[in-house]
Structure formats: C-alpha cells, structure tokens
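Please open the structure in a viewer and follow the stops below in order. Each stop names a selection and then describes what is found there.

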Amino acid sequence: PKDAYEGLVAIYDILQREAYGGPLLISEQASDNCFGGYGIADAQGDVEWDRFLYVSDKDMNKDAWKIPYQGIYRANILLENLDKIDWGTDTALKTKYEAEARFLRAHFHFQLAKMFGDIVPLDKTITSAEFYSPRATPEVTYALIANDLKFAADNLGSDNYSQPGNANYGRITKWAAEAYLARTFLFYTDYYKKADLAGVVSKAQAVTYINDAVNNSGHALVADFAHLWLAASLENFAGEGNTEIVWAVRFNGSGKGDWNLHEGNRSQVNIAPRGGTIGQYGTGW
C-alpha cells in the first residue's frame, strides 16, 4: 500500500505544474482580464497569446498539452498496478486510491479538452506504436471524464477535509467529485449543445449530485462576498481554506520567484507587480 500511496502522490504532483504556461494563465492572457507580457519588450509568446497571434513560437502551447498528459500517464500507471498491491484486508483503501486517481485523470482530460477541443483520451498506458493515435470525438473524451468522476463520486466517503490543518488537506473528496461532475455537465451540454453528459450522466443525475454536495458537504457561501478578496477586506479575509472552496490545487511555495523552479503557483508570480511589493501582495514579473 505504501507503494500505491507514493504512486498517488506522484499524480497529485503534476497539479503543481499547471500554473506555468498552462490553461489558467493562457486563458487569462487571451481574455480581456490582463495584458500578456510587459508591453512589447517581454516574452514574445505572452504577447502573441494576448493578441491571438501564432508567429514566433509554433510550440507556444506545448506545456498546456504536455503537462496534463504527464498526469494522465501517471494515473494510468497507478490504475494498471493496483491489483498487484497486497492490500491485505483493506480493500477499501484500494477503492479510495482508485477513486482519487480517476478523479485526477478526469481533471487532466478536462483541462486538455477545454483548451484544445478534440484530444486523444487515454484510459491506459500506450506503446510507442500508439504515439500518433488520432484525436477522438468529444463524446468519447467526455464519456471517459464522466465515468471517472462518477466512480469517484460514488466510491469516496463523506469526509470533508478541505480545511487547513487537516492531515488530508487538499485531497479529493466525494463532494469535489460531485461538484466537478456538475461543472463538466454544464460545460459539455452548453458548448456542444447536448442533453446529457456524453450519454453517461443525465441532467437529473447531475442535479442530484450537485444538490447532494450543496446540502450535505458542509460547504457554503461566505457571509460577505467582499471577504473573498484580500484587498477589499484585510481584517475579514476568508482565506484560502474558506468554506466555499470544495476543491482547489494546493500549491506549495517552492517557486519563490525562481525562474528555474517550475512548481508552486507561477500564475501569482506572473501577474504580481513588477519592481516592488504593494501592500499584502508579493512582487512578481
């Protein structure tokens, strides 16, 4: 079981890399929320994301494509080896690890599918002969996502360890899986104009899942919306572990503004003020 746990942690580890050249940062630059690059003197790729150009770097989206597949690969490695573990009498632990791994595999597929549309969904490790597998239709990809999230929602316990200080802080919960199912349902049915989630989850089922999360998870909205923002409410800031957060990537602090350390929340470093710290906010690029 210790080996399985290390394999599970290895999947979670990929989440640390998502904020460096990933969909979160790219979508912010491509939107009207911020400018990409520091004027025209900064990284050309960031300027081109901002202006919908595709000129200087034909691999500008490589990290957004590569990193989720690293997570999918690690998830498939673990899932394919769970039956080789000596679980003794603790078969429930095996189910828990499978549920967490499948949630993460679904998350990485969803990150890819939102950004690139048709992708290559992978429910197993592949050989070198399969490296050029064709992209699949959205129905195939989202059926895999839905089945993985459904397994997680149906097999994880009712524990809620989303608060700081809990030994399992940051790990997948049943409530996260139910909420993610609803989120995926909304995206897929709206964007692709479908009545259900790839034939796997109906609207009625999605409503049941999300209502369960709303009514029974212990999560709730904070009393005042302004308390979600540090700048608006220094004394009453709800913080990262507030009751609204059902699941979030728990970044560590290893980046520390170091260009060579591609872990930690690099989005913060990219968007924080250059040349000095303002109030409660750290310096950035």
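Begin with the whole protein chain of this predicted model and display its contacts. Of those with a separation of 6 or more, 62% join residues 24 or more positions apart.

Next, colour the protein chain by secondary structure. Which elements appear, and how many of them are there? The chain comes to 9 helices and 0 strands, and from the N terminus on its elements run α-α-α-α-α-α-α-α-α. Its radius of gyration is 20 Å, close to the 19 Å that the globule rule gives for 285 residues, so the chain is as compact as a globular protein of that length. Reduce the display to the C-alpha trace, which spans about 55 × 50 × 40 Å along its principal axes.

Now switch to a surface view. The protein chain exposes about 15600 Å², and carbon and sulfur atoms supply 55% of that area. Buried residues make up 40% of the 285 residues.

Select the charged residues as the following stop. There are 26 positive and 36 negative charges in the protein chain, and the mean positions of the two groups are 3 Å apart.

Finally, select helix α5, residues 91-116, and locate R105 within it. Is R105 buried or exposed? R105 has a relative accessible area of 6%; because this value is under the 20% cut-off, the residue counts as buried. To see its surroundings, add I72, A75, N76 and L79 to the selection, followed by L122, D123, L144 and D148. R105 touches each of these residues, with those up to four places away in sequence not counted.

Key. Residues numbered from 1 in each chain as written. Predicted model: local features only at pLDDT ≥ 70, side-chain atom pairs only at ≥ 80, totals over all residues. Heavy atoms only, no water. Helix = DSSP H or I, 4+ residues; strand = E, 2+ residues; numbered from the N terminus. Buried < 20%, exposed > 50% of the residue type's maximum accessible area, 1.4 Å probe, protein only. Contact = heavy atoms within 4.5 Å. Rg over C-alpha atoms; globule rule 2.2 N^0.38 Å. Areas by Shrake-Rupley, 256 points an atom, 1.4 Å probe, with all protein chains shown as cover. Lys, Arg positive; Asp, Glu negative; His and termini not counted. Charge placed at Lys NZ, Arg CZ, Asp CG, Glu CD.
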